[in-house]
Amino acid sequence: MKRVAFILMSVAVITSMIGCKVGDEIHRFSPLCFVLSYVPLDSLSVTMAEEYCTVDTMRPFVMVTQHSSWESEIDYNYWDKGADNGWFVEKYSSKYGDVSFNEELAVVEGPEYEHGTYITPDMMGVTVTSTADYDAEHLAGTDLGDIIRYSGVSAYPFIRNGYAAIGSVGDYKSECQADSIVLDYISWFNRYRDYPNCLTPIFKQCDELTEEDLYLNGVKVLDSGEVVDPFFCLTFMSLTEEKSVHDFTLTMNGDDGKVYTAEFSYDFGGAE
């Protein structure tokens with residue numbers, strides 16, 4: 001139950017679908033794309049998992065949240081029937097092959113209530129370095145990607161598979177506590193969606209991540225005014241030789257040429 005408590009505190013729980021009330025206008029349309037809106041990434045922040053649950057001290061992890069602003073959102077505007085949305089398909093959808101969805105949607109609120117809003121730009125990799133020697137093989141400033149595990153989600157496999165789920169949550173093996181957190185989050189997300197399992201777990205060492213693994217790597221959901229920001233987890237699969245405080249820098253390079261960073265500290269002695 002600890003991992004459930006973590007989700008309760010770290011992401012807003014989606015507890016009910018937006019229902020239709022008498023007088024609500026229902027919008028019907030058949031979009032070419034499954035992903036109907038994007039929002040620019042503003043910043044990254046790192047949260048200690050210990051704030052929300054009892055962490056496996058042999059494989060401690062942190063949560064990385066991707067922040068953005070609704071005010072800067074770029075929408076695929078289906079409400080204006082006269083709008084030419086070709087620019088959206090060319091700039092975003094075609095990159096993922098997201099151009100043949102063509103299923104009728106009937107929504108009261110905006111499409112982000114059903115499909116979510118995805119972060120742009122895509123990240124090209126995840127790098128974590130320490131200001132001190134981590135161990136004999138990882139000196140200060142060395143990329144720790146071969147000992148840090150990425151646990152996140154992506155909608156890209158669903159789209160690439162012809163808008164069909166890549167298995168179910170139960171098909172994926174959890175190799176650390178953070179994997180279980182992500183699988184629980186997907187199950188929660190699926191409960192209130194017309195397209196279950198549209199999110200696929202991505203579990204890999206950071207140095208093994210490909211650009212495609214990070215396509216559409218998180219979904220921002222608006223639920224009754226509550227915002228659920230996209231997140232992923234980073235697990236230290238091996239511990240430092242000296243149980244002390246380490247200062248880390250997380251770096252992610254966007255495919256737009258921008259560099260996104262976040263600094264955080266972790267007390268490996270305090271985790272014991």
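**View 1. Gly97, just after helix 2.** In this predicted model, Gly97 follows directly on helix 2 and adopts a positive phi of about 70°. The helix that precedes Gly97 is shown in the next two views.

**View 2. The buried side of helix 2.** Helix 2 covers residues 86-96, and its buried residues are Phe88, Val89, Tyr92, Ser93 and Tyr96. Looking down the helix axis, these buried residues lie within an arc of 125°, so they line one face of helix 2.

**View 3. The opposite side of helix 2.** Glu90 and Lys91 are exposed and sit on the face of helix 2 that is turned away from its buried side.

**View 4. Helix 5 and its surroundings.** Helix 5 is made up of residues 177-190. Twelve of its 14 residues are buried, so helix 5 is largely enclosed by the rest of the structure. Among them are the aromatic residues Tyr185, Trp188 and Phe189, together with Ile181, Val182, Leu183 and Ile186. Gln177, Asp179, Ser180 and Asn190 of helix 5 are also buried, as is Ala178.

**View 5. End-to-end span of helix 5.** The C-alpha atoms at the two ends of helix 5 are 20 Å apart, which agrees with the 20 Å that its 14 residues should span at 1.5 Å a residue.

**View 6. The whole protein chain, for context.** The chain contains five helices and 14 strands. Of its 272 residues, 52% are buried. Its accessible surface is about 12,200 Å², and carbon and sulfur atoms account for 47% of that surface. Of the contacts between residues at least 6 apart in sequence, 77% join residues at least 24 apart.

Notes: Residues numbered from 1 in each chain as written. Predicted model: local features only at pLDDT ≥ 70, side-chain atom pairs only at ≥ 80, totals over all residues. Heavy atoms only, no water. Buried < 20%, exposed > 50% of the residue type's maximum accessible area, 1.4 Å probe, protein only. Helix = DSSP H or I, 4+ residues; strand = E, 2+ residues; numbered from the N terminus. Arc of directions from axis to C-beta. Contact = heavy atoms within 4.5 Å. Areas by Shrake-Rupley, 256 points an atom, 1.4 Å probe, with all protein chains shown as cover. Expected span 1.5 Å × (residues − 1).
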